[in-house]
Structure formats: structure tokens, C-alpha cells
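Okay, can everyone see the screen? I'll put the sequence and the model up, and then we'll walk through a few spots together.

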Amino acid sequence: MDTEELVENFEFLGDWEERYRYIIELGKKLAPLEENERVEGNIVRGCQSQVWLVRDEDEANKLRFRADSDAFIVKGLLALVLAAYDNRPSSDILAFDAKDFFHRLGLDQHLSPSRANGLHSIVQKIRAIASEA
């Protein structure tokens with residue numbers, strides 16, 4: 001699912017209770033990481049919940065990411081982030097305006113400050129990886 005489709009889906013949903021359920025459902029569709037991937041080196045710092053981010057090998061100069069969390073809502077937020085960044089060249093990742101995307105979804109107004117900070121930390125980690133690629 002791409003970012004425009006996600007924005008359209010969010011606009012279609014009525015209230016934030018429905019949108020939160022949708023976010024959780026998106027998270028349930030993410031494949032869990034293996035136990036050996038849930039290691040210190042893959043933890044994203046700055047998140048209230050445990051979040052692991054794994055970068056896979058590049059294919060055709062595109063970065064691949066997988067992520068997992070111990071919290072359902074965070075796992076859903078990870079699904080949104082991966083829709084924006086997975087399987088993209090580093091130049092696209094660095095050019096993508098995550099703040100605008102999250103604003104269009106309404107997340108900037110409906111996430112707690114700690115969840116918003118965690119989401120920012122995940123985006124920063126992905127951008128750092130893209131900068132190094």
C-alpha cells in the first residue's frame with residue numbers, strides 16, 4: 001500500500017476510533033521479526049515501547065526495512081512508516097516529507113507526545129540509514 005492510498009483510506013474512515021482500529025489492523029499484517037533480530041543493535045531509541053528496525057540487503061539500489069514492536073498501536077504506526085520508506089532508493093527516503101504525510105493522516109493531532117516522539121525517532125533512524133547508504 002502506498003502513502004496516497006493510506007491518506008485516502010484515512011479520509012474515508014469516520015472518526016479516530018475507526019482510524020486507530022485501522023492502524024492496529026495494519027500492524028497485525030506486519031510479519032514479526034525473528035527472536036535473533038530482536039537484539040540491542042536493532043532497537044530504535046526514543047520510543048516509549050520496544051521497537052526494532054532491521055535493514056535488509058539492497059536490491060536495485062533500494063533500501064528494504066522490516067520492523068516490529070511489543071505494542072499493537074506502535075506496530076500499526078510502523079506499518080505506516082514502512083509504507084512510506086520500504087523498497088525505496090535512499091534519495092527518495094531523504095526527500096520524503098514525513099511530517100506532511102503524518103499531518104495528512106491527522107497523526108500530528110491525535111498521537112500522544114510520547115508516541116509522536118517515538119514516531120519521529122523511527123523516521124530519524126531510517127533517514128540516518130539512507131544517509132549512510
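So, which helices do the buried residues of α2 pack against? They pack against α1, α3, α5 and α6, the last of these running 107-110. Before I go on, a reminder that this is a predicted model, so everything I quote is computed from it.

Let me stay with α2 for a minute. The helix has 13 residues and spans 18 Å from first C-alpha to last, close to the 18 Å you'd expect at 1.5 Å a residue. Its buried residues are W16, R19, Y22, I23, L26 and G27. Why do I say they sit on the same side of α2? Because they cover an arc of only 140 degrees around the axis. Flip to the face turned away from that buried side and you find the exposed residues E17 and K28. And look at the N-terminal end: D15 caps α2 there, with a side-chain oxygen 3.2 Å from the backbone nitrogen of E17.

Some of those names come back when you look at rings. W16 is in one aromatic cluster with F10, Y20 and Y22.

Next, the core. The general background is that in soluble globular proteins, nonpolar side chains tend to be buried together. Here the largest nonpolar core has 41 residues, and L80 and L107 touch the most other members. At least two residues each come from α1, α2, β1, β2, α3, α5 and α7. The largest share is from α3, with 11 residues. If you want one residue to click on, try L107: beyond its neighbours within four places in sequence, L107 is in contact with W16, I23, L77, L80, F102 and L119. Two of those, W16 and I23, we've just met on the buried side of α2.

Back to aromatics. How many aromatic pairs are there? The count comes to 6. The one I'd like on screen is Y85 with F96, which is edge-to-face, 5.5 Å centre to centre and 80 degrees between the planes. Y85 is in helix α3, while F96 is in the loop between α4 and α5, 11 residues apart, so the pair links distant parts of the chain. The two partners aren't equally covered, though. Y85 counts as buried because its relative accessibility is 1%, whereas F96, at 23%, counts as partly exposed.

Okay, loops. S49 is in the loop between α2 and β1. Is S49 buried or exposed? It's buried, with a relative accessible area of 14%. The side chain of S49 makes a polar contact of 3.4 Å with that of R115. Skipping its neighbours within four places in sequence, S49 is in contact with S69, D70, A71, V74 and R115.

Last stop, backbone torsions. Most residues other than glycine have a negative phi. N61 has a positive one, near 60 degrees, and N87 does too, near 65 degrees. N61 is in the loop between β1 and β2, and N87 is in the loop between α3 and α4. N61 is exposed, with a relative accessible area of 67%, while N87 is partly exposed, at 31%.

That's my tour. Who wants to rotate it?

Definitions and conventions:
Residues numbered from 1 in each chain as written. Predicted model: local features only at pLDDT ≥ 70, side-chain atom pairs only at ≥ 80, totals over all residues. Heavy atoms only, no water. Core = buried A, V, L, I, M, F, W, Y, C linked by side-chain atoms within 4.5 Å. Buried < 20%, exposed > 50% of the residue type's maximum accessible area, 1.4 Å probe, protein only. Helix = DSSP H or I, 4+ residues; strand = E, 2+ residues; numbered from the N terminus. Contact = heavy atoms within 4.5 Å. Phe/Tyr/Trp six-rings, centres within 6.5 Å; stacked < 30°, edge-to-face > 60°. Expected span 1.5 Å × (residues − 1). Arc of directions from axis to C-beta. Polar contact = N/O pair within 3.5 Å; in protein donor to acceptor, adjacent residues only side chain to side chain.
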